[in-house]
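Student: Please choose one part of this model and take me through it closely, in connected prose. I would like to follow the packing residue by residue rather than receive a general overview.

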Amino acid sequence: MQTNQLLLMFCGALLLLGLLAFFAGRSKAARLRGAGTVMFAQPEQYAWFTVLSTAGPAVLVGALGALVLLLLGADIPTLYLLAASLVVAAIGLTVSLAQVRPDFHARQAIERVIRLTLAGAALISIFTTFGILFSIISEALRFFQMHSFWEFITGTTWNPGASFLASAGRGDGSGAEFGSVPLFAGTFMITAIAMLVAVPIGLLSAIYMSEYAPRNVRTIAKPVLEVLAGIPTVVYGFFAAITVAPLIVNIAGFFGLDASYNNAVAPGVVMGVMIIPFISSLSDDVINSVPDSMRQGSLALGMTKGETIRDVVVPAALPGIISAALLGMSRALGETMIVVMAAGMRPNLTANPLEDMTTVTVRIVAALTGDQEFESAETLSAFALGLVLFIVTLSLNLVSVLMIRRFREKYRVNNL
């Protein structure tokens with residue numbers, strides 16, 4: 001019997017056991033209550049307790065068995081695993097029905113289960129983060145065994161071509177160069193251009209919609225602005241390559257400057273437009289959360305509306321605004337498609353944003369696609385780039401947290 005059929009049968013059997021547990025638990029609790037016995041919970045709460053006690057252990061056993069099959073490669077027949085889960089469900093049904101008695105606090109038991117479920121969800125997210133980090137570090141260490149870490153973080157030339165020839169058996173790979181400085185320079189330059197576009201426009205639009213816009217204008221403008229966040233990045237890439245890049249070339253030519261059709265300005269500007277909704281929407285929510293009493297107090301002291309926004313509202317909302325800007329920066333650091341289509345794929349260490357360049361994420365995609373072997377240095381370099389990008393992003397987040405904490409302490413002291 002196929003695995004899909006077994007899973008459907010298992011889900012159907014578990015659903016029937018759950019329904020049986022619900023009605024049996026509620027019926028028993030209702031009988032006890034109808035006999036004049038004082039119960040510590042409602043019949044429905046006993047019913048849901050029996051459902052959780054029936055389905056929860058069964059799902060947990062099935063998940064653990066699937067995890068063993070996936071990670072350890074254990075040879076456990078699917079039929080046996082699902083049958084064991086149903087047996088556990090039947091045992092849970094029997095035990096939970098025995099717990100339906102007057103002195104049992106079903107409501108507290110359900111709260112404990114919910115609390116454990118929420119803690120488990122939090123642990124899953126934490127373990128997933130550590131799992132991603134472990135997988136990146138393990139493969140990055142293999143790359144650093146082939147090439148120097150110092151050369152990787154300080155080298156100014158990225159030329160892994162010799163590594164590809166070595167993986168094909170046509171050389172020893174000694175001519176390969178993996179200097180990541182051009183990649184990170186291009187990443188930071190394009191991200192900086194994007195932030196220069198997104199932060200002022202996003203913040204000013206948030207201030208307008210939260211402080212000046214009439215309700216009917218805000219009702220229309222905010223959803224329209226947030227539509228930008230739903231446009232696929234490949235569409236932004238087409239727009240950057242076909243429309244914005246030639247426009248940048250024409251503007252540069254008007255001022256007597258030479259600009260390549262693959263340049264950093266075009267993807268930076270379009271990327272900034274793409275992340276405007278993130279900054280604007282979050283900043284708008286943060287500004288609206290500032291207590292209105294602060295505005296009224298400022299106006300009562302004789303300050304104008306503009307001065308109130310500048311000296312009271314924006315400082316009070318600044319931690320949230322910084323968080324919104326960091327979210328937009330993270331989105332820009334991880335963008336790939338716009339850069340590929342508008343900035344090119346050539347690692348180019350230059351301070352001229354009118355030249356072509358590339359980013360870390362583009363080289364990661366290029367390293368993990370194609371005909372090269374997974375054991376080659378070029379492929380493993382993707383994990384080294386990912387590790388360094390992770391460290392850079394983590395450092396930026398730590399710095400921002402310290403800035404926000406210091407500002408909050410300063411603002412709290414100034415308002416005492």
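**Helix packing around the main core**

Tutor: Let us begin with one pair of helices, where α7 passes α12 in a right-handed crossing, and keep in mind throughout that this is a predicted model. The axes of α7 and α12 come within 9 Å and cross at roughly 140°, and because angles over 145 degrees would be needed for the roughly antiparallel class, α7 is oblique to α12. On the α7 side, the residues that make the contact are Thr-187, Phe-188, Thr-191, Ala-194, Met-195, Val-199, Leu-203, Ile-207, Glu-211 and Tyr-212. Facing them from α12 are Lys-305, Gly-306, Ile-309, Val-313, Val-314, Ile-321, Ala-325, Gly-328, Met-329, Ala-332 and Leu-333. Sorted by class, the contact of α7 with α12 holds 15 nonpolar, 4 polar and 2 charged residues.

Both helices also feed the largest nonpolar core, so it is worth asking what lies at its centre of contacts: which of its 34 residues touch the most other members? They are Ile-190, Met-271 and Ile-275. At least two residues of this core come from each of α7 (181–212), α9 (233–254), α10 (265–288), α12 (305–333) and α13 (337–342), and α10 gives the most, with 8 residues. Apart from this core there is a second, separate one of 22 residues, whose members include Trp-158, Val-360, Leu-380 and Leu-389.

The surroundings of Ile-190 can be listed in detail: once its neighbours within four places in sequence are set aside, Ile-190 is in contact with Ala-264, Pro-267, Gly-268, Met-271, Val-339, Ala-343, Met-357 and Thr-359. Met-271 therefore appears twice in this account, as a partner of Ile-190 and as one of the residues that touch the most other core members.

Since α10 gives the most to the core, its own helix partners deserve the next step. The axes of α9 and α10 come within 8 Å and cross at roughly 135°; α9 and α10 are therefore oblique to each other, and their crossing is right-handed. From α9, the residues Thr-233, Tyr-236, Phe-239, Ala-240, Val-244, Ala-245 and Ile-248 meet Val-265, Ala-266, Val-270, Val-273 and Met-274 in α10. By class, the contact of α9 with α10 divides into 11 nonpolar, 1 polar and no charged residues.

Two glycines help to place this region. Gly-237 is found in helix α9 and, at 0% relative accessibility, counts as buried; from C-alpha to C-alpha it is 8.0 Å from Val-270, although the two are 33 residues apart in sequence. Leaving aside neighbours within four places in sequence, Gly-237 is in contact with Ile-338 and Met-341. Gly-230, by contrast, is found in the loop between α8 and α9 and is exposed, with a relative accessible area of 64%. Its C-alpha atom is 9.1 Å from that of Met-274, across a separation of 44 residues in sequence.

Another partner of α10 is helix α8 (residues 215–226), which packs against it at an angle of about 140° with the axes 8 Å apart, so α8 and α10 are oblique to each other as well. Here Arg-218, Lys-222, Leu-225 and Glu-226 of α8 make the contact with Ile-276, Pro-277, Ser-280, Ser-281, Asp-284, Asp-285 and Asn-288 of α10. The contact of α8 with α10 has 3 nonpolar, 3 polar and 5 charged residues, whereas that of α9 with α10 has no charged residues.

Turning to α14 (residues 360–367), 7 of its 8 residues are buried, so this helix is largely enclosed by the rest of the structure. The buried positions are Val-360, Thr-361, Val-362, Arg-363, Ile-364, Ala-366 and Ala-367, and among them Val-360 belongs to the second core.

Set against the whole chain, these helices belong to a secondary structure of 15 helices and 2 strands. Buried residues make up 38% of the 416 residues in the chain, and among contacts between residues at least 6 apart in sequence, 74% join residues at least 24 apart.

Terms used:
Residues numbered from 1 in each chain as written. Predicted model: local features only at pLDDT ≥ 70, side-chain atom pairs only at ≥ 80, totals over all residues. Heavy atoms only, no water. Core = buried A, V, L, I, M, F, W, Y, C linked by side-chain atoms within 4.5 Å. Buried < 20%, exposed > 50% of the residue type's maximum accessible area, 1.4 Å probe, protein only. Helix = DSSP H or I, 4+ residues; strand = E, 2+ residues; numbered from the N terminus. Contact = heavy atoms within 4.5 Å. Axes fitted to C-alpha atoms, helices over the stretch in contact; angles between N-to-C directions. Parallel < 35°, antiparallel > 145°, perpendicular 65-115°, else oblique. Left-handed = near helix turned anticlockwise from the far one by under 90°. Nonpolar A, V, L, I, M, F, W, Y, C, P; charged D, E, K, R; others polar.
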